[in-house]
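The following report describes selected features of one protein chain, from helix packing to individual side chains.

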Amino acid sequence: MQPTGSQAAGGPRPEPASFRDPASTVFYLDGAVLRGLTAEAAEEWRALTATRFFPRLLEQGKVCGTAPAEPDGRALPDRWPLVLEHERIPFVSYPYEWTFHMLRDAALLHLEILLEALGEDVTMKDGYAYNVQWRGAAPVFIDVGSFERLRPGEPWAGYRQFCQTMLYPLFLQAYRDVAFQPWLRGQVDGIPPGQMRALLSGRDLLRPGVLKNVSLHSAMESRYSKDTTREVRKDLKSAGFSKELGVATVRSLHKLVRGVAWDKGSHWADYQATNTYTDEERAAKAAFVAAALEGRGLGLVLDLGGNDGSYSRVASDHADYVVCVDGDPVVVDRLYRRLREEGNRRILPLVMDLADPSPGIGWRGRERAPFFDRAQPDAVLCLALVHHLALATNVPLPELVDWLGSLGARLVVEFVDPADPMAQRLLANKPSGLHDDYRREAFEHLLSERFQVERSQELPSGTRTLYAAVPRG
């Protein structure tokens with residue numbers, strides 16, 4: 001977790017997404033991430049720390065670092081019997097910004113932690129995808145307030161949330177080849193069972209996990225919604241639901257999720273091999289980026305339109321953390337898998353259309369913050385992106401430069417001339433005259449109004465120019 005904007009300093013400020021569980025409230029104080037627990041929740045915490053599995057998960061890094069908060073000169077609120085302090089997650093992201101394999105790995109982590117907990121008679125109140133964050137390409141569970149002691153005869157309370165925000169989105173993409181991100185972005189609580197059933201074909205009912213976790217789930221939900229006097233938990237308990245059955249169910253889900261697969265080709269997947277750059281230009285571009293960032297003591301770098309992460313890797317040599325954003329889910333998914341294999345914890349790959357970035361969603365539009373409200377970068381890379389936004393999505397150059405200026409960060413940006421082969425492809429089917437204002441001279445004028453250009457370099461092709469700049473004022 002990471003305080004953002006006005007939450008970073010001052011008096012205690014509640015996390016907008018933390019209102020759903022009044023027993024465990026996340027808030028920010030002087031840049032720290034804290035969690036206030038009620039007396040009952042504090043008892044659950046003490047029971048949790050007395051287990052063998054929880055300290056082990058902390059040591060393995062599968063659960064975010066958490067310990068009772070020390071005053072350290074801070075005036076901790078006294079409304080809670082116990083206040084915990086969490087490690088800060090470098091950048092908060094949401095499931096609708098993750099790739100297929102990121103969501104799958106987050107789901108597997110959630111189930112693995114639940115299995116370990118059940119082994120010591122502890123369960124989770126939730127099964128929310130939002131309870132997982134990332135250290136680079138490594139998932140980490142953040143909601144320690146979700147753990148509670150297991151009550152005999154009760155099923156996993158988080159099963160429905162898990163299905164709606166993890167399992168069903170994976171099914172949607174694996175079985176129907178439909179991107180799950182827009183569905184999660186459109187419904188903060190995920191895809192309901194009845195809706196998921198309607199999205200599947202008759203043949204899909206024969207696919208692994210669908211009959212039990214979608215069809216039967218949808219039927220049961222419909223049945224209980226019509227008879228409000230019945231309670232699922234009580235019915236299951238009276239039917240003899242046991243811990244052993246619960247463990248078997250979670251193991252079955254883990255096996256199911258591990259077996260769900262999706263892989264596709266993409267026009268941009270081999271961009272580094274198929275673009276018009278020569279090896280000399282690629283080397284020059286990497287050297288320019290390195291020179292613009294080195295020795296600056298940078299914390300967070302955003303690589304916007306980062307494609308396969310080549311320049312994110314350059315940036316990671318000169319910054320604490322890099323968030324690489326691209327709109328192609330296949331390209332970003334492949335990058336994630338490479339970073340995961342490397343054990344990389346300093347580059348976070350995210351999939352997002354930068355012409356339509358993540359807005360605020362959920363309660364009052366603030367439960368899940370807009371992407372650029374969460375990002376307070378020290379530097380921004382904007383390489384081979386401006387021409388895509390200007391020519392493919394018709395964003396005017398003044399708007400683009402104003403947007404880059406609003407980020408308030410050191411900037412490394414590339415302008416691709418209309419004569420460049422890649423720009424020509426984008427202009428091929430555009431009406432004559434639509435982009436007459438897309439010119440290098442116009443871009444440089446706009447850039448100089450919002451930034452002080454420290455250095456520029458034209459690449460050998462003569463159709464691409466790099467700029468290193470800092471915001472004016």
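## Basis of the description

A residue counts as buried when its relative accessible area is under 20%, and as exposed when that area is over 50%. The model discussed here is predicted. By the burial criterion, tryptophan 262 is buried, because its relative accessibility is 12%.

## Aromatic pairs

Across the whole structure, a search finds 19 aromatic pairs. One of them joins phenylalanine 100 and tryptophan 262: the ring centres are 5.9 Å apart and the planes stand at 45 degrees, so this pair is tilted. Phenylalanine 100 belongs to helix α3, whereas tryptophan 262 sits in the loop between α9 (243-259) and α10 (271-274); the pair thus links distant parts of the chain, 162 residues apart. Phenylalanine 100 has a relative accessible area of 1% and is therefore buried.

A further pair is formed by phenylalanine 415 and phenylalanine 443, which is stacked because the planes lie at 25 degrees, with the ring centres 5.0 Å apart. Phenylalanine 415 is located in strand β14 (residues 410-416) and phenylalanine 443 in helix α18 (residues 440-450), so the pair ties together parts that are 28 residues apart in sequence. Phenylalanine 415 is buried at 1% relative accessibility, and phenylalanine 443 is likewise buried at 1%. In addition, Trp45, Phe53, Phe54, Phe141 and Phe147 are linked by ring pairs into a cluster.

## Packing of helices α2 and α3

Two packed helices are described by the angle between their axes and the distance between the axes. Helix α2 (residues 53-60) packs against helix α3 (residues 100-118) at an angle of about 150 degrees, and their axes are 9 Å apart. The two helices are therefore roughly antiparallel to each other. Phe53, Arg56 and Leu57 of α2 make the contact with Ile113, Glu116 and Ala117 of α3. Sorted by class, this contact comprises 4 nonpolar and 2 charged residues, with no polar residues. Phe53 also belongs to the aromatic cluster described above.

## Aspartate 105 and its partners

Helix α3 also holds aspartate 105. With a relative accessible area of 12%, aspartate 105 is buried. Its side chain makes polar contacts with two other side chains: that of tyrosine 336, at 2.4 Å, and that of arginine 340, at 2.7 Å. Apart from neighbours within four places in sequence, aspartate 105 is in contact with Trp134, Pro139, Tyr336 and Arg340.

## Arginine 135

Arginine 135 is found in strand β7 (residues 132-135). Its relative accessibility is 12%, so arginine 135 counts as buried. A polar atom of the arginine 135 side chain lies 2.7 Å from the backbone oxygen of glycine 61.

Leaving out residues up to four places away in sequence, arginine 135 touches Gly61, Val63, Cys64, Gly65, Glu87, Val140, Tyr321, Asn344 and Arg345.

## An exposed loop position

Which residue lies in the loop between α12 (310-316) and β11 (319-326)? Aspartate 317 occupies that loop. The relative accessible area of aspartate 317 is 62%, and the residue is therefore exposed. Its C-alpha atom is separated by 9.0 Å from that of leucine 293, which is 24 residues apart from aspartate 317 along the chain.

Notes
Residues are numbered from 1 along each chain as its sequence is written. This is a predicted model: local features need pLDDT of at least 70, side-chain atom pairs count only at pLDDT 80 or more; totals for chains, interfaces and linings use all residues. Side-chain values use heavy atoms; hydrogens and water are left out. Helices (H or I, at least four residues) and strands (E, at least two) are DSSP runs, numbered from the N terminus. Buried means under 20% relative accessible area, exposed over 50%, partly exposed in between (1.4 Å probe, protein chains only). A polar contact is a pair of N or O atoms within 3.5 Å; within protein, one must be able to donate a hydrogen and the other to accept it, and residues adjacent in sequence count only if both atoms are side-chain atoms. Contact means heavy atoms within 4.5 Å. Axes are lines fitted to C-alpha atoms, for helices over the stretch in contact, and angles run from 0 to 180 degrees between N-to-C directions. Angles under 35 degrees count as roughly parallel, over 145 as roughly antiparallel, 65 to 115 as roughly perpendicular and the rest as oblique. Ala, Val, Leu, Ile, Met, Phe, Trp, Tyr, Cys and Pro count as nonpolar, Asp, Glu, Lys and Arg as charged, and the others, Gly among them, as polar. Rings of Phe, Tyr and Trp (its six-membered ring) pair if their centres lie within 6.5 Å; planes under 30 degrees apart count as stacked, over 60 as edge-to-face and the rest as tilted.
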